[in-house]
Structures are given as C-alpha cells and as structure tokens.
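User: Can you take me through this one? I'd like the reasoning behind the labels as well as the labels themselves.

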Amino acid sequence: MKFPDLTGPTGRIGTLLFAALAIALVTGSEALAHGVTEGDKGYIQEITGIHLLPFLYLGAKHMVTGYDHILFLFGVVFFLYRLKYIGIYVSLFAIGHSTTMLAGVFFDIGLNAYLIDAVIGLSVVYKALDNLGAFQRWFGVQPSTKAATLVFGLFHGFGLSTKLIDYDIAPDGLLPNLLAFNVGVEAGQFLALAAILIAMGFWRRTASFARHVYAANVILMAAGFILMGYQLTGYIVA
C-alpha cells in the first residue's frame, strides 16, 4: 500500500482533527473520568439496595460517552468486514472488560486510576500501530490480535472498576447492581459499535477510504498518545 503524503490534503485534515482532539482532551477533564460524572457519583453514593434500571442506564451511559473505549473499538473493527469476525473480537473485548470490572469492584481490587487509564491510552496506540502493520515490519512477527483484544479488554474493565470503588457503592444489592451496570455497558457498546459500523460501511464504499487508511490510524495513534500523556501527567502531579 502506498501511504499518502501527510503534507497534502489528507495531512491537513489530520492536523485539524488532531488539534481539535487535543483541545477537547486537555480542557475536558470531567470527560476523562471514564464517563462517571459528579451527579452520577452522588447518586451512586446515596442509594442502597437493588436498583437495576438506574445502574443499567449508568452502564450504557458510560460506554456511549466513553470515548477511550470507542476509539479502541474503532481500531479493532477498522479492517474487519465480516460480522462473524466482528462478533468474535467484540466478544473478547466484552469478556475482558466485564471480568475485571465485576471482579475489581466486588473484591475491592484497588489500582491506580491514572496508570490504568494510561494503559487504556496505550491500547489505542497499540491498535493503531497494529492496523498499520508496524509490528510485522519492526519485529518480523504479527502478535495475536485476539489475545491483545482480550488483554486490553481486561485493562479497560479495571479502568472503570477503579472509579466505581472510589464511589463507595453500598454492599446491599452490590452484585445485582453491578450485573445490571455491566448489562448496560454491553448495551451501550452495542449501540456505539452499530454507529461505528454504519459510518465505516459508508466510508468503505468511497474511494477516500483506501487513501486515508494511513492518516486515520495516525490520528488514532495520536489520540492514544494524548490520553497516555494526560494520565501520566496527572499521576506525576498527584
């Protein structure tokens, strides 16, 4: 594949998108809290007992507004065309995400939120490099994309569990509420994935898709580096 010149029109578009994303990430500190707003935090802290529908809603809201998860999913499905393979990879991500989110909160496995979120940013960088064939060119081997999707899914789940632990969810009804939250997360993931696939379907039918593959993944990688830098800066400052 002949990669486009990043100084041309594609490069200028990428630069504008990169700048817009950088501004959004630097100024949107609330959004970087894994989609759990102060209002949701207060609600979680105040309620006790089983509240399935509210937790289902909060889980769906988290995934739909969790751009770090969406960026990773975008990278995962970028070159997947058949629904069979999309289902396999998304299921691996969901298994990893669900396992550590549930186990992390239920067993109170506390991890540093900044470092976990930095790893989530790394997952976006990794997937962009994988899409560009970088590992095969650099090391002469292709790492297992399925294993990477599962492993990074585990970190994405810990990213959410670290936030939920800080909010002191009442032990009364904890497991049913967590299960409802996880169902909401998966429902939100389905909606986000459907939107991505619809947009990708239209884009793949245009001549611009082949021309912009490189630039799109460079922008994806840049977004991952911004996420990593933001979280590592927060870790150092904190």
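Analyst: Let's fix one term before we start: helices here are DSSP runs of H or I with at least four residues, numbered from the N terminus. By that naming, T48 is in the loop between α2 (38-46) and α3 (52-65). Keep in mind that this is a predicted model.

User: What makes up the secondary structure of the protein?

Analyst: There are 10 helices and 0 strands. Going along the sequence, you read α-α-α-α-α-α-α-α-α-α.

User: How do you know how far to trust the prediction, and what is the average pLDDT?

Analyst: The mean pLDDT is 86, and 84% of the residues score at least 70. Residues 1-15 are below 50, with 13 contacts in the model beyond near neighbours in sequence. Residues 18-33 also stay under 50, and the model gives them 22 contacts beyond four places in sequence. Where pLDDT is low, the predicted coordinates shouldn't be read in detail.

User: Back to T48, then. What is T48 in contact with, leaving aside its neighbours within four places in sequence?

Analyst: A170 and D172. To count as a contact, heavy atoms have to come within 4.5 Å, so each of these pairs meets that cut-off. The C-alpha atoms of T48 and L174 are 8.7 Å apart, for residues 126 positions apart along the chain.

User: Why is I196 called buried?

Analyst: Buried means under 20% relative accessible area. I196 has 11%, so the label fits. This residue is in helix α9, and beyond four places in sequence I196 is in contact with I70, L73, F74 and V77. With I70, the C-alpha to C-alpha distance is 8.6 Å across 126 residues of sequence.

User: What share of the 238 residues in the protein is buried?

Analyst: It comes to 46%. As for contacts with a separation of 6 or more, 85% of them join residues 24 or more positions apart.

User: What makes a group of residues a nonpolar core, and how many residues has the largest one?

Analyst: The members must be buried nonpolar residues joined through side-chain atoms within 4.5 Å. The largest such set has 28 residues, and F72, V76, V77, F78, I86 and L129 have the most contacts inside it. Two or more residues come from each of α4 (67-77), α5, α6, α7 (134-139), α8 (145-166), α9 (174-204) and α10 (208-237). Of these, α10 gives the most, with 6 residues. Take I86 as an example: setting aside its neighbours within four places in sequence, I86 is in contact with V77, L80, Y81, L193 and L197. A second, separate core has 17 residues, including F55, M101, V105 and L174.

User: How do you know that K163 and D117 form a salt bridge?

Analyst: The cut-off is 4 Å from a Lys or Arg side-chain nitrogen to an Asp or Glu carboxyl oxygen. Here the closest N and O atoms are 3.0 Å apart, so the pair qualifies. K163 belongs to helix α8 and D117 to helix α6, so the bridge ties together parts 46 residues apart in sequence. Both K163 and D117 are buried.

User: How many salt bridges does the whole structure have?

Analyst: The search finds 2. K127 also pairs with D130, with closest N and O atoms 2.8 Å apart. This pair sits within helix α6, 3 residues apart, about one turn of the helix. K127 and D130 are both buried as well.

User: On to the surface. Is I109 buried or partly exposed?

Analyst: Partly exposed is the range between under 20% (buried) and over 50% (exposed). I109 has 32% relative accessibility, so partly exposed is the right label. I109 is in the loop between α5 (83-106) and α6 (113-131). Together with F106, F107, L111, L175 and L179, I109 makes a nonpolar surface patch of about 550 Å². The protein as a whole exposes about 11,800 Å², with carbon and sulfur atoms supplying 71%.

User: And why is D108 called exposed?

Analyst: Exposed needs over 50%. D108 reaches 54%, so D108 passes the cut-off. D108 is also placed in the loop between α5 and α6. The phi of D108 is near 55 degrees, a positive value in a residue other than glycine. Most residues other than glycine have a negative phi.

Terms used:
Residues numbered from 1 in each chain as written. Predicted model: local features only at pLDDT ≥ 70, side-chain atom pairs only at ≥ 80, totals over all residues. Heavy atoms only, no water. Patch = residues over 30% accessible without salt bridge, like charges linked within 9 Å, V, L, I, M, F, W, Y side chains within 5 Å. Areas by Shrake-Rupley, 256 points an atom, 1.4 Å probe, with all protein chains shown as cover. Buried < 20%, exposed > 50% of the residue type's maximum accessible area, 1.4 Å probe, protein only. pLDDT = per-residue confidence, 0-100.
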